[in-house]
Amino acid sequence: MDVEWVFFDAGNTLIYAEPPVGEAYARALRRHGVRADADEVGEQFVRAMAELRGRHRGDGLPYGTTRAQARRWWRRVVAFTFKPYGVAGRLDDIFEELWGHFASPSSWRVYADVIPALEGLRQIGVGLGVISNWDERLVGLLEQLGLGRLLDACTVSFQVGAEKPDARIFQQALKRCRVPAGRALHVGDSYQEDVIGARQAGLHALLLWRNAQRPPQAGQGDYIRSLAELPRLLRRRSR
């Protein structure tokens with residue numbers, strides 16, 4: 001593959017939450033005296049995200065384009081997630097704990113294959129960027145996790161006002177990096193957001209599928225199981 005730029009999704013592609021979201025939310029409840037199972041809380045969180053995103057479909061970003069809007073959005077997510085647990089009177093305190101938790105680099109880990117892959121890609125001369133559905137905290141997180149030095153650009157949905165799979169976020173990244181769509185590759189863990197979205201915007205795309213136990217569903221196209229595979233797939237370029 002002969003491309004000039006490689007873009008990556010962020011969450012569950014470059015970084016992951018540790019502990020997972022369900023456990024982090026359950027621990028917050030336990031600190032306030034509420035017994036909670038991490039798996040059940042995690043399922044309730046998924047329902048909260050689906051419900052609240054559904055209400056905002058076609059009406060801009062659910063988490064807005066400012067810090068204040070992002071805080072209001074995530075407070076609604078926390079409130080919906082914790083609705084079965086009867087903590088409305090303590091919701092503000094719990095929300096502040098969780099907002100600070102997920103803004104901290106100590107709550108995130110970088111996958112083991114990320115830094116070697118990025119360093120290998122830099123050696124062959126391609127530009128490196130991120131295209132992610134995230135609020136304003138992502139850029140600082142990537143810097144604090146040591147990835148900023150390896151990335152040339154970061155395009156985040158809250159800055160653009162559109163999120164994957166919307167073509168506008170890909171187009172904005174291409175414009176910022178001055179690269180034609182046909183000379184760019186996007187890699188991520190979501191088939192709909194990262195593969196379909198990128199291809200509809202004219203980019204090459206690869207699905208990152210780290211599940212060693214089974215392949216992705218039929219029809220999901222080309223995929224890799226590790227970012228370590230990328231450098232050998234791309235032709236060396238002079239920068």
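Ten helices and eight strands make up this protein, and what you are looking at is a predicted model. On overall dimensions, the C-alpha atoms fit a box of roughly 60 × 35 × 35 Å along the principal axes. The radius of gyration is 19 Å, which agrees with the value near 18 Å that a compact globule of 239 residues would have. Half the chain is tucked away, or to put it exactly, 50% of the 239 residues count as buried. Sequence-distant pairs matter to the contact map too: of the contacts with a separation of 6 or more, 65% are between residues 24 or more positions apart.

Now for the inside. In soluble globular proteins, nonpolar side chains tend to be buried together. Here the largest nonpolar core has 64 residues, and F8, Y25, F82, V187 and L227 have the most contacts inside it. A second core, separate from that one, has 19 residues, with A173, V195, A198 and L203 among them.

Let's pick up Y25 and follow it outwards. Setting aside neighbours within four places in sequence, Y25 is in contact with V41, F45, W74, V77, V78, T81, F82, L98 and F102. Y25 also belongs to the contact that α1 makes with α4. The axes of α1 (residues 21-31) and α4 cross at roughly 145° and come within 10 Å, in a right-handed crossing. On the α1 side the contact uses V21, A24, Y25, A28, L29 and R31, and on the α4 side I94, E97, L98, H101 and F102. Sorted by class, that gives eight nonpolar residues, one polar and two charged.

Helix α4 (residues 91-103) has another partner in α3 (residues 67-81): these two pack at an angle of about 115°, with axes 10 Å apart. This crossing is right-handed as well. From α3 come R67, A70, R71, W74, R75, V78 and A79, while α4 supplies L91, D92, F95, E96, L98 and W99. The tally is eight nonpolar, no polar and five charged residues. Notice that L98 turns up in the α4 contact with α3 and again in the one with α1.

Next, strand β1 (residues 5-8), where V6 sits. V6 counts as buried because its relative accessibility is 0%. Apart from residues up to four places away, V6 touches V126, G127, L128, G129, L185, V187 and L234. There is a nice long-range pairing here: V6 and A184 are 178 residues apart along the chain, yet their C-alpha atoms are separated by 5.8 Å.

L138 is another fully hidden residue, this time in helix α6 (residues 138-144); its 0% relative accessibility is why it counts as buried. Beyond its neighbours within four places, L138 is in contact with A10, I15, V130, S132, C154 and V156. For a contrasting distance, take L138 and R235: 97 residues apart in sequence, with their C-alpha atoms 30 Å apart in space.

Finally, go to helix α9 (residues 191-200), where D194, V195, G197 and A198 are buried. An α-helix has 3.6 residues a turn, so residues three or four places apart point the same way. The buried residues of α9 pack against α8 (167-177), β6 (184-188) and β7 (204-208). Two of them, V195 and A198, are included in the second core. After α9 comes G202, with a positive phi near 95°.

Note on methods. Residues numbered from 1 in each chain as written. Predicted model: local features only at pLDDT ≥ 70, side-chain atom pairs only at ≥ 80, totals over all residues. Heavy atoms only, no water. Core = buried A, V, L, I, M, F, W, Y, C linked by side-chain atoms within 4.5 Å. Buried < 20%, exposed > 50% of the residue type's maximum accessible area, 1.4 Å probe, protein only. Contact = heavy atoms within 4.5 Å. Axes fitted to C-alpha atoms, helices over the stretch in contact; angles between N-to-C directions. Helix = DSSP H or I, 4+ residues; strand = E, 2+ residues; numbered from the N terminus. Left-handed = near helix turned anticlockwise from the far one by under 90°. Nonpolar A, V, L, I, M, F, W, Y, C, P; charged D, E, K, R; others polar. Rg over C-alpha atoms; globule rule 2.2 N^0.38 Å.
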